[in-house]
Amino acid sequence: MSQFTQKLGIYLTLLALGGGAGFVGNRYLLTNQQRDRLPRVLPAALQSFPVQSASPTVEGNINFIAEAVRAVGPAVVRIDASRQVSQEIPESFQHPFFRRFFGDEVPIPKRQLERGTGSGFILSSDGSLITNAHVVEGADKVKVTLKDGQVFEGEVLGSDSVTDIAVIKINGRDLPTVELGKAENLTPGEWAIAIGNPLGLDNTVTVGIISALGRSSSQVGVPDKRVSFIQTDAAINPGNSGGPLLNAQGQVIGINTAIRADAQGLGFAIPIETAERIASQLFAKGKVDHPYLGIQMMTLNSELRKQINEDADLNVNIDEDRGVIVMRVVPNSPADRAGFQTGDVIVKVGGKNVVTAGDVQQQVEASVIGDVLAVEVKRESKTVAIAVRPGAFPDKID
């Protein structure tokens with residue numbers, strides 16, 4: 001091929017590329033008038049995502065959980081409690097034989113110092129705090145550490161084992177406080193945020209949802225408590241006890257309590273309304289008087305009814321499969337004086353229908369000591385109305 005032919009081929013190739021570029025360029029180099037007439041439509045995928053900067057700021061990453069924690073976190077405290085625990089002399093060593101043998105060398109019980117850590121939160125700017133009763137059990141003074149590092153000596157003003165609520169006072173000024181919400185307005189599926197000091201890891205945040213409401217003490221496995229618990233799947237571990245459970249707005253809706261070591265994936269919290277009611281009494285007089293009837297009861301079902309009817313020692317015959325049966329009436333109790341009998345099936349308390357023992361417990365807890373509480377029972381297929389005046393929960397029950 002001649003040199004001329006090669007140059008001609010290169011020229012034609014460049015011409016073709018130039019023409020292509022000119023065609024493509026012409027497709028995009030439109031006049032303003034032509035561009036205005038084009039439809040302004042973007043692909044759906046591009047319409048769904050707003051344009052963001054390549055490097056978002058820290059503030060841009062703040063979500064509602066972080067906002068809640070930022071607002072409440074400074075008011076969540078760590079509580080360190082210690083108490084002296086002594087071991088009693090074994091009964092065998094108290095026998096006169098051992099006294100003669102050992103003389104003054106009888107083993108002396110050793111006093112041990114037990115330490116525990118929990119959480120709490122500040123209710124007032126002058127240092128009123130709330131926590132769980134089991135966090136401060138056996139302690140009159142505790143160490144309270146704020147998130148900013150301030151350390152105070154706290155005085156335990158009162159503790160109520162029945163609801164597992166305790167209150168503490170520290171001498172502070174202008175302290176951060178929490179905002180209280182309403183647990184009674186909750187719906188399962190709502191967000192739940194827990195803040196506390198689990199396993200010694202301060203200011204830990206966990207998140208989940210409200211998984212159930214109104215869990216009775218017996219369902220949770222603490223039948224000695226008088227609380228209708230909030231259930232959540234936000235992780236609550238030892239050390240979380242006494243810390244706040246928050247809603248999506250950062251309001252306190254409950255007090256976390258690590259009461260079930262085997263409750264993997266589940267946590268429980270005391271509704272804030274219960275906590276407020278108990279705390280106000282503890283701050284005022286250092287103790288809480290709980291209404292008390294003096295009955296032992298069980299929730300009826302068909303299987304239990306059959307067992308009771310077949311038990312010759314009980315000597316009762318039950319027709320109902322629903323309701324709450326009285327299994328025992330404590331002698332000289334308000335229930336005994338009002339005329340309750342073993343075998344009574346409670347169907348209403350305070351004018352409200354009751355189906356479970358937990359329902360009865362809630363209505364009694366909401367009653368007033370000394371005031372008349374109307375109770376309706378079924379006794380031998382007849383409806384009987386009983387007017388009982390709840391007394392104060394005794395220190396000891398026969």
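These are my notebook entries on what I looked up in this structure.

**Entry 1: overview**

I began by reminding myself that this is a predicted model. I counted ten helices and 20 strands in the protein. Of its 398 residues, 37% come out as buried. I then looked at the contacts with a separation of 6 or more, and 62% of them are between residues 24 or more positions apart. The accessible surface adds up to about 23,500 Å², and carbon and sulfur atoms own 51% of that.

**Entry 2: strand β11 and its neighbours**

Next I went to β11, which spans residues 252-257. How many of its six residues are buried? I found six of six, so I noted the strand as mostly covered, with under 20% relative accessible area as the cut-off for buried.

On one side I followed β10 (residues 244-246), which pairs with β11 in the antiparallel sense over three bridges. Leu245 is the residue that stands opposite Gly254 of β11. Five residues lie between the two strands of this hairpin, and I noted that Gly250 takes a positive phi near 80 degrees there.

I also traced the pairing of β11 with β12 (residues 267-271): these run antiparallel and are joined by four bridges. Here Ile255 has Ile270 in β12 as its bridge partner.

**Entry 3: an aromatic pair that involves β12**

I looked up aromatic pairs and found three in the structure. One of them is Phe229 with Phe268, an edge-to-face pair at 6.4 Å centre to centre with 70 degrees between the planes. Phe229 belongs to strand β9 (residues 229-232) and Phe268 to β12, so this pair ties together parts 39 residues apart in sequence. Are the two rings' residues buried or exposed? I have both Phe229 and Phe268 down as buried.

**Entry 4: a nonpolar patch**

On the surface I picked out a nonpolar patch of about 330 Å², made by Phe64, Trp191, Val207 and Ile209. I placed Trp191 in strand β7 (residues 191-196). With a relative accessible area of 42%, Trp191 is partly exposed.

**Entry 5: salt bridges**

My count of salt bridges is eight, and I went through several.

- Glu67 and Arg70 meet through their side chains at 3.1 Å, N to O. Both sit in helix α4 (residues 64-72), three residues apart, about one turn of the helix. Glu67 is partly exposed at 38% relative accessible area, and Arg70 is partly exposed at 42%.
- Lys285 bridges to Asp289, with 3.4 Å between the closest N and O atoms. I have Lys285 as partly exposed at 46% relative accessibility and Asp289 as partly exposed at 31%.
- Arg379 bridges to Asp344, and the closest N and O atoms are 2.7 Å apart. What does this pair link? I found that it links distant parts of the chain, 35 residues apart: Arg379 is in strand β18 (residues 373-379), while Asp344 is in the loop between α9 (334-338) and β16 (345-349). Arg379 counts as buried at 19% relative accessibility, because the cut-off is under 20%. Asp344 is buried as well, at 1%.
- Finally, I found Arg78, Asp80 and Asp202 joined into one network by salt bridges that share partners.

Terms used: Residues are numbered from 1 along each chain as its sequence is written. Side-chain values use heavy atoms; hydrogens and water are left out. Buried means under 20% relative accessible area, exposed over 50%, partly exposed in between (1.4 Å probe, protein chains only). Two strands pair if DSSP finds at least two bridges between them. Patches are made of residues with over 30% relative accessible area and no salt bridge: like charges are joined within 9 Å, nonpolar side chains (Val, Leu, Ile, Met, Phe, Trp, Tyr) within 5 Å. Accessible areas come from the Shrake-Rupley method with a 1.4 Å probe; for residues, only the protein chains shown count as cover. A salt bridge is a side-chain nitrogen of Lys or Arg within 4 Å of a carboxyl oxygen of Asp or Glu. Contact means heavy atoms within 4.5 Å. Rings of Phe, Tyr and Trp (its six-membered ring) pair if their centres lie within 6.5 Å; planes under 30 degrees apart count as stacked, over 60 as edge-to-face and the rest as tilted.
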